[in-house]
Amino acid sequence: MPLSIRHYISLLVVPILLLLTLGYSLIAWSSFPLNFSHLYAYLFHFDNTSIEQQILATTRIPRLLTGMLIGTNLAVAGVLMQGLTRNPLASPSVLGINSGAACFIALSSIGIHILGDVSSLLAAAVGGVVSGGLVILLGGFFSDRANPLKLVLAGIAINALLIGITRAAVILADERAYSVITWLSGSLANIDWQDWQSLWPTSLLGLLIAFYVAKNLNLLALGNDIAVSLGINIGFTRFLSCIAIVLLTASSVAVVGPIGFIGLIVPHIARRLVNNNFLLLIPVSALIGSCLIAWADSLARGIAFPAETPVGVITALIGTPFFVYLTIRNKMS
Amino acid sequence: MKTMKLPSLYFFILSSLVLLFAITSLFVGASDISIADIIHTLFEQGEYDFIINQYRLPRIFLALGVGAGLGLSGALIQGVIRNPLASPDLMGISAGAGLAATTLLVFYAAAPVYLLLLTALSGGLIAAAIILFIAYKTRPTPMRLALIGIAISTFLSSGIDFLMIVNPIEINTAMVWLTGSLWGRNWTQVPLIWGTLAVIIPFAFWLAWRLDVMGLGEDCATSLGIRPSKLQLMALLTAVILASISVAVAGTIAFIGLLAPHLARMLFGHHHKYLIPSSALLGGLMLIIADTLARGLQPPLELPAGVLTSLIGAPYFIFLLQRYKAW
């Protein structure tokens, strides 16, 4: 499908917005004043002795990079899920994958090892698969007349269940309620380079798979029959997409906890910009997702400065009205 | 219409169950107190006066009152909206009341009780007004209405989260309050919920007959001298008042407002004459069981009762979804 002027303009605007975001998010709302000259100095002649540049190097840069990669992950996972289920309300948080991953991490961190002694990433992946599978099964996705609302409501119920388990487990295990409530809301406050190291390999793998299936998803959108006649292996495409979704979501939740609604909102914005072509939809969603989370994180830092607000609370406050709007607007089923 | 054979027998069983669990609840807690000591303390104070009379006893009354309020509220809402998934917590009313109450407590910690009640009530009313406005404008299917309600509820509870995190005065207490708990309550809250119930239960019976007539169809109801819109408004208002005051007392306790009326309907059929008292009884029963478990599972640690109710309620909600056929 040919791109109109509007698309080219929006494709130009998005990167500019991204650059602005980068700069702003790096220096704004610091308890130690930073400005653009420090950023410039850090980039072009790094001075080991300057405190400002050290702050940038050890906290701000990893925080921004990790946040943006997580925004990318969640947005791309949302695109894949909405494409796969053909349900405009599907996203990692709505279909319970986020809270499943969070629940299993919480369980394994308090000593209930469901699979023996595993890393938090593996626990998150297993949790995401289990809860996502439950939601899809209970939501009747495989029945003859799959109803989009049923899928979403099943997701919400599983969410409530998993959050209940997580809270109970954590309260019973110890009384550090504050750190738990912060982590459960999804916070970027204590990110360092180590988190980035544990995040990027899985994310990269997930993103590569997502790009690989993009073309097949385009054809799948034409309908199952047409896709089969064009030589697409539907089962394999779905399987790969699910792998990508789990990798992207689980790695994000393992690092920062569940951050909701990015995966829901971003694909809708991206679809406005570049229509339904997954080859463009995935990169554009990735850009918008990372922008959105960088802005949300700046807001999270600034809104009750100098205290930190979990970024997940901010995205929920932005995301739920959007969800209501989508529910009202979409004449589904 | 399904009716059961022995309503009085069921009511007798239910009431005795409530009584039984209320008494059991006296014995459960962090400190082991013998039966003789408890009986002794109840009638003529003694060594354990504080634990029994000031701590466990008021909690029993609160659990019964709050549970009854939530169950009743759910029965009224489901009766008016005729939506099996409607309940004060799924419609955002509980979260609205919770957000308003939290806001008040954050900015004015020493607020007198009546002010807290009024604030919670206005929060619940505003949330109810928003969702009814959306429902009126868009005429959603029952499922979509539930979805909108849940989304509004999520929005309001992330507002609560936000306030709690930005003002971490006593986050442990706050965390427990968030998911709904009877921890740290005492006699001062008892008259609030029971006073409300004392006014509302007779009124609910008055509504019950009219709601049954409404079930025959709006034309029929009009010809029998009932104005449907006025009746619906009154019933909803009652439901909102009950839910808001329950929240002001015990925080947001999920799923009781959904479950209690459903169970009541299974036992007693569709007559509101039976449905209203039985929902109240079942709600009270559920909350007292949840609260006893919350206290007794791993003493001295205290689970929020709301966590336990959502562990039972969420699977039941899924069961409802599986059974619901009118997509």
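**A guided tour of the cavities and the A–B interface**

In this predicted model, begin by selecting A:Ser25, A:Arg60, A:Arg63, A:Leu64, A:Gly67, A:Met68, A:Leu188, A:Ala294, A:Asp297 and A:Arg301, the residues that line the second largest cavity. Two elements of chain A, α3 (51-85) and α12 (278-302), each give two or more residues to this lining. Colour α3(A) separately, as it supplies the largest share, 5 residues. By class, the lining comprises 4 nonpolar, 2 polar and 4 charged residues. The space that these residues enclose has a volume of about 50 Å³.

How many cavities of 30 Å³ or more does the model hold? The count is 4.

Proceed next to the largest cavity, which contains about 1,400 Å³ of space. To centre the view, select A:Asn159, A:Ala160, A:Ile163, B:Thr154 and B:Ser157; among the 46 lining residues, these are the closest to the centre of the cavity. Then display the elements that give two or more residues to the lining:

- in chain A, α4 (97-109), α6 (148-173), α7 (177-185) and α13 (311-329);
- in chain B, α4 (93-107), α6 and α13.

Which element gives the most to this lining? It is α6(B), with 8 residues. Coloured by class, the lining of the largest cavity shows 24 nonpolar, 19 polar and 3 charged residues.

Now turn to the contact between the two chains. Select the 41 residues of chain B and the 42 residues of chain A that take part in it. Together the chains bury about 3,900 Å², and 79% of this area lies on carbon and sulfur atoms. On the side of chain B that touches chain A, highlight α5 (113-138), α6 (142-166), α7 (171-178) and α13 (305-323), the elements of chain B that each give two or more residues. Of these, α6(B) contributes the most, with 15 residues. The side of chain B that touches chain A consists of 28 nonpolar, 10 polar and 3 charged residues.

Finally, examine the interface for polar pairing. How many salt bridges are counted between chain B and chain A? The count is 0. A search for residue pairs in polar contact across the interface likewise gives 0, where both residues must be at pLDDT 80 or more.

To close the tour, keep α6(B) selected: this helix gives the most both to the lining of the largest cavity and to the side of chain B that touches chain A.

Technical notes. Residues are numbered from 1 along each chain as its sequence is written. Chains are lettered from A and ligands numbered from 1 in the order in which they are written. This is a predicted model: local features need pLDDT of at least 70, side-chain atom pairs count only at pLDDT 80 or more; totals for chains, interfaces and linings use all residues. Side-chain values use heavy atoms; hydrogens and water are left out. Contact means heavy atoms within 4.5 Å. Buried area is the accessible area (1.4 Å probe) that two parts lose on being put together, summed over both. A salt bridge is a side-chain nitrogen of Lys or Arg within 4 Å of a carboxyl oxygen of Asp or Glu. A polar contact is a pair of N or O atoms within 3.5 Å; within protein, one must be able to donate a hydrogen and the other to accept it, and residues adjacent in sequence count only if both atoms are side-chain atoms. Helices (H or I, at least four residues) and strands (E, at least two) are DSSP runs, numbered from the N terminus. Ala, Val, Leu, Ile, Met, Phe, Trp, Tyr, Cys and Pro count as nonpolar, Asp, Glu, Lys and Arg as charged, and the others, Gly among them, as polar. On a 1 Å grid over the protein atoms alone, a cavity is a set of points where a 1.4 Å probe fits but cannot get out, and a pocket is an open set with protein on both sides within 12 Å along at least five of seven lines; lining residues have an atom within 4 Å of a point. Grid points are joined across faces, edges and corners, and a volume is the space filled by probe spheres set on the points.
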